[in-house]
Amino acid sequence: MLICAATGNAGKLKELRRILEAQGHTVKSQRELGVTLEPDETGETFAQNALIKARAICEAAGVATIADDSGLCVEALSGAPGVYSARYCGHHGDDEANNDKLLRELRAVPEGRRAAAFESAVCLYLPGGEYILCSGRCPGRILFARKGHNGFGYDPLFAPDHVGAATGLLPNAAGRSYAELSDAEKDAISHRGAALRALQKKLPAFLQKVQPGAGVGFERDEKFDGDKLRRGARESAGEG
């Protein structure tokens with residue numbers, strides 16, 4: 001399936017492309033499809049924001065679109081930064097400033113109270129309005145200092161409870177951060193990896209329920225009308 005990845009985040013795009021292409025899909029970024037739209041993420045949950053992004057980009061690109069909304073939830077901060085993870089410092093997309101603020105907020109929190117989890121919601125949205133939502137979670141804890149360089153966002157400060165290995169999942173006894181894991185190790189345990197594996201399992205049954213014409217075969221029109229596309233999908237499906 002050709003899937004548009006609804007993100008302008010290079011690190012997230014790399015992960016989405018890597019995992020989805022391993023599942024047999026062809027992934028194009030929204031920019032590769034000529035879409036520069038950045039929808040306002042006004043939802044109160046990861047799932048709501050994923051749906052907002054997937055719907056908007058699908059309507060602009062005219063092909064099946066996947067969006068992820070994810071973030072870090074820290075127990076000692078009552079779940080913050082949560083849906084505000086990307087703009088925790090007060091503006092969007094400044095990883096270093098976000099990490100600095102997180103360390104400041106937790107500077108007096110001892111080792112035993114630094115539990116956290118990365119959470120992800122992914123939405124696959126099809127022309128015609130059909131969509132599916134899946135979620136994933138990775139528990140762990142917040143480190144006292146950055147570790148590693150193979151990641152983005154809060155990866156250098158997050159140590160997952162387990163790491164992926166050829167024999168399965170192993171306890172993260174060494175306290176390695178997301179940013180110290182290889183791509184394969186991270187994908188095996190990450191929140192986004194878990195959400196996309198859940199999607200992979202549900203996708204065949206979901207697509208079987210999608211009526212003809214509401215699927216992924218539309219070509220993009222430079223003068224795209226999202227309502228017109230949805231009407232066309234319903235009409236070709238015999239819904240008038």
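## Exercises on a predicted model

The side chain of Thr65 comes within 2.9 Å of the backbone oxygen of Val63. Keep in mind as you work that this is a predicted model.

### Exercise 1: Getting to know Thr65

Work out where Thr65 is found, whether it is buried or exposed, and which residues it is in contact with.

**Solution.**
- Step 1: start with the element. Thr65 belongs to strand 3, which covers residues 65–74.
- Step 2: check the surface. The relative accessible area of Thr65 is 0%, and buried means under 20%, so Thr65 counts as buried.
- Step 3: look around, skipping neighbours within four places in sequence. Thr65 is in contact with Ile3, Cys4 and Ala6, with Ala54, Ile57 and Cys58, and with Cys123, Leu124 and Tyr125.

### Exercise 2: Strand 4 and its partners

Find out how strand 4 pairs with strand 3 and with strand 5, and how many residues of strand 4 are buried.

**Solution.**
- Step 1: take strand 3. It runs antiparallel to strand 4, and ten bridges join the two. One spot to look at is Leu72, whose bridge partner in strand 4 is Phe118.
- Step 2: now strand 5, residues 131–142. Its pairing with strand 4 is antiparallel too, over eleven bridges. Here Glu119 stands opposite Arg137 of strand 5.
- Step 3: follow the hairpin of strand 4 and strand 5. Five residues lie between the strands, and Gly128 takes a positive phi near 110°.
- Step 4: count the buried residues. Nine of the eleven in strand 4 are buried, so this strand is largely enclosed by the rest of the structure.

### Exercise 3: A cluster of rings

Describe the ring pairs that link Phe118, Phe158 and Tyr178 into a cluster.

**Solution.**
- Step 1: decide what to note down. A pair of aromatic rings is described by the distance of the centres and the angle of the planes.
- Step 2: try Phe118 with Phe158. Their centres are 4.8 Å apart and the planes make 70°, which is an edge-to-face pair. Phe118 lies in strand 4 (residues 115–125) and Phe158 in strand 6 (residues 158–160), so the pair ties together parts 40 residues apart in sequence. Phe118 and Phe158 are both buried.
- Step 3: try Phe118 with Tyr178. This pair is stacked, with 5.2 Å centre to centre and 0° between the planes. Tyr178 sits in the loop between strand 8 and helix 4, 60 residues away from Phe118. Tyr178 is buried, as is Phe118.

### Exercise 4: Charges over rings

Which rings do the charged ends of Lys101 and Arg114 sit over?

**Solution.**
- Step 1: for Lys101, the ring is that of Tyr88, and the charged end is 4.4 Å from its centre.
- Step 2: for Arg114, the ring is that of Phe144, at 3.8 Å from its centre.

### Exercise 5: Nonpolar cores

Identify the residues that touch the most other members in the largest nonpolar core, and the element that gives it the largest share.

**Solution.**
- Step 1: this core has 20 residues, and Ile66, Leu124, Leu196 and Leu199 touch the most other members.
- Step 2: list the elements giving two or more residues: strand 1, helix 1, strand 4, strand 5 and helix 5. Helix 5 has the largest share, with five residues.
- Step 3: zoom in on Leu196. Beyond its neighbours within four places in sequence, its contacts include Leu16, Ile19, Ile66 and Val122.
- Step 4: look for another core. A second, separate one has 19 residues, among them Leu103, Leu106, Leu157 and Tyr178.

Note on methods. Residues numbered from 1 in each chain as written. Predicted model: local features only at pLDDT ≥ 70, side-chain atom pairs only at ≥ 80, totals over all residues. Heavy atoms only, no water. Phe/Tyr/Trp six-rings, centres within 6.5 Å; stacked < 30°, edge-to-face > 60°. Helix = DSSP H or I, 4+ residues; strand = E, 2+ residues; numbered from the N terminus. Buried < 20%, exposed > 50% of the residue type's maximum accessible area, 1.4 Å probe, protein only. Lys NZ or Arg CZ within 6 Å of the ring centre and 35° of its normal. Polar contact = N/O pair within 3.5 Å; in protein donor to acceptor, adjacent residues only side chain to side chain. Contact = heavy atoms within 4.5 Å. Pairing = 2+ DSSP bridges. Core = buried A, V, L, I, M, F, W, Y, C linked by side-chain atoms within 4.5 Å.
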